[in-house]
Amino acid sequence: MRVTMTLAAAADRPLPDRAGEVRRSVLHSAGQGLGLALTAIDITVVDLLAPGPPPHPGPVNGGDVR
């Protein structure tokens, strides 16, 4: 099976490194989580994201964290 993806990535690391990380993650998840044998993962970077603050752990729905 061949997977084709598009990716928006921050330019905080070289894009080939980021694409390789995504490729490894998809390969692992497809094999371990779904039992799929992938033959290729094609990734196209379509947008660069502005660097932002690191994600804040907490409720996604906007609830209070005490």
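Let's start with helix H1: its buried residues are Arg 18, Ala 19, Gly 20, Val 22 and Ala 30. Keep in mind that this is a predicted model. Strand S1 (2–10) and strand S2 (40–49) are among the things covering those buried residues.

**Helix H1**
- H1 runs over residues 15–34, and it has 20 residues.
- From its first C-alpha to its last, H1 reaches 27 Å, close to the 28 Å expected at 1.5 Å a residue.
- Right after H1 comes Gly 35, and its phi is positive, near 70°.

**The nonpolar core**
- In soluble globular proteins, nonpolar side chains tend to get buried together.
- Here, the largest nonpolar core is made of eight residues: Leu 7, Ala 9, Ala 19, Val 22, Ala 30, Leu 38, Ile 41 and Ile 43.
- S1, H1 and S2 are the elements that each chip in two or more residues to this core.
- H1 gives the largest share, with three residues.
- Take Ile 43, one of the core residues: leaving aside its neighbours within four places in sequence, Ile 43 is in contact with Met 5, Leu 7, Ala 19, Val 22 and Arg 23.

**Out on the surface**
- Not every nonpolar residue is tucked away: Met 1, Leu 34 and Leu 36 make a nonpolar surface patch of about 310 Å².
- Leu 34 belongs to helix H1.
- Is Leu 34 buried or exposed? Its relative accessible area is 63%, so Leu 34 counts as exposed, because the cut-off for exposed is over 50%.

Conventions. Residues numbered from 1 in each chain as written. Predicted model: local features only at pLDDT ≥ 70, side-chain atom pairs only at ≥ 80, totals over all residues. Heavy atoms only, no water. Patch = residues over 30% accessible without salt bridge, like charges linked within 9 Å, V, L, I, M, F, W, Y side chains within 5 Å. Areas by Shrake-Rupley, 256 points an atom, 1.4 Å probe, with all protein chains shown as cover. Salt bridge = Lys/Arg side-chain N within 4 Å of Asp/Glu carboxyl O. Helix = DSSP H or I, 4+ residues; strand = E, 2+ residues; numbered from the N terminus. Buried < 20%, exposed > 50% of the residue type's maximum accessible area, 1.4 Å probe, protein only. Expected span 1.5 Å × (residues − 1). Contact = heavy atoms within 4.5 Å. Core = buried A, V, L, I, M, F, W, Y, C linked by side-chain atoms within 4.5 Å.
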